[in-house]
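Colleague: Hi! I'm new to this one. Could you walk me through it?

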Amino acid sequence: MENNIISGTTRICGIIGDPIEHTMSPVMHNAAFQKAGLGFVFVPFNVKPEELKQAIHGVRAFNIRGLSVTIPHKVAVIPFLDEVDSLAEKIGAVNTIVNEEKRLKGYNTDASGFLRALLKEGIQPEGKNVVILGAGGASRAIAFILADRGAELTIINRHLAPAQEMAGRIFSFFRKEVKALELNRENLKIALDGADIVVNTTSVGMSPNAGKSPVGADLLKPGLVVFDIIYNPMKTRLMAEAEKRGAKIISGVEMLVWQGVAAFELWTGKSAPVQVMRESAIRALSSK
Ligand SMILES: NC(=O)c1ccc[n+]([C@@H]2O[C@H](COP(=O)([O-])OP(=O)(O)OC[C@H]3O[C@@H](n4cnc5c(N)ncnc54)[C@H](OP(=O)(O)O)[C@@H]3O)[C@@H](O)[C@H]2O)c1
């Protein structure tokens, strides 16, 4: 599509969530679709949990090509799909749907996007000691793909039970021991001592609490890779302190961009204009 003209052949993609107002996806995907000139548009849909089933039927009825899926639907949407990619099935969450002639298949590009962001920085997870802070939805996607790629994992969470539950699930799928610890200074100190990579998947440090960090600055060291998946702010306090201590930092913007790139590729079958997507995301985040 050129110059945003919608015609009779325009293909539709979108995002479902509730709430949906704060999503970055329309800005990023419309910039990419326009650049690629493929005749696609991307729209936000506020779908209430009780209307999720009808919304998914509507994807088939309206011949919508694909959807991104965000909170609170990533788990609940699975029973309404025809097929789920094997990693997304293990993770138990889907954030991307592709409509192939009314057959809907779910994927988890949070997982593949995180991995691609890491690999693009030249970091291979195989055999690395990775400390994951948090045991929520994003943590689960990241922990599963890292386990799949042969990383040694420690999951540290404010409440111990979700970390233990995740460690148990990873063991049952991959036969891989994962340490689960409660988030406190003592445990952080022990875990970070032998860590190659630390990934913050908690919301600690996210706007409007940008002054906070889940890790004491003194525990950060040169050689450590610190990946904070928060993208608002683009540089969190954890990242700023890690950089000051000589650690390598990766921003959540990269995961946001690469999960979008993976979705774009699934919907269009073409490679995505990555830099356009990054610039549009950064522009939108800068004006927040
Ligand atoms: N860059 C990207 O593409 C991308 C993608 C997805 C998510 N994210 C970001 O990742 C973050 C988490 O998202 P999510 O969907 O995984 O959320 P979630 O499922 O609600 O999980 C939130 C996690 O944060 C922990 N947490 C919350 N408040 C805390 C506090 N005060 N102290 C310590 N831990 C705390 C929770 O611990 P408990 O279990 O103890 O409550 C839980 O582990 C958000 O900032 C989100 O924006 C980024």
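Modeller: Happy to; here is a short chat about the two domains and where they meet.
This is a predicted model, where local features need pLDDT of at least 70, side-chain atom pairs count only at pLDDT 80 or more, and totals for chains, interfaces and linings use all residues. Residues are numbered from 1 along each chain as its sequence is written, and side-chain values use heavy atoms, leaving out hydrogens and water.

Colleague: Which residues make up domain 1 and domain 2?

Modeller: Domain 1 is 2-107 + 254-286, and domain 2 is 112-250; the bounds come from an automatic or database domain assignment. Their C-alpha centres lie 26 Å apart.

Colleague: And how much area is buried between domain 1 and domain 2?

Modeller: About 1500 Å², with carbon and sulfur atoms giving 77% of that. Buried area is the accessible area (1.4 Å probe) that two parts lose on being put together, summed over both. On the domain 1 side, Lys90, Met255 and Trp258 supply 43% of the area buried against domain 2, more than any other three residues.

Colleague: Switching topic: how many salt bridges are there between domain 1 and domain 2?

Modeller: One, counting a side-chain nitrogen of Lys or Arg within 4 Å of a carboxyl oxygen of Asp or Glu. The side chains of arginine 116 and glutamate 265 form a salt bridge at 3.1 Å, N to O.

Colleague: Which helices each supply at least two residues of the side of domain 1 that touches domain 2?

Modeller: H3 (86-91), H9 (252-268) and H10 (274-286), where helices are DSSP runs (H or I, at least four residues) numbered from the N terminus. H9 gives the largest share, eight residues.
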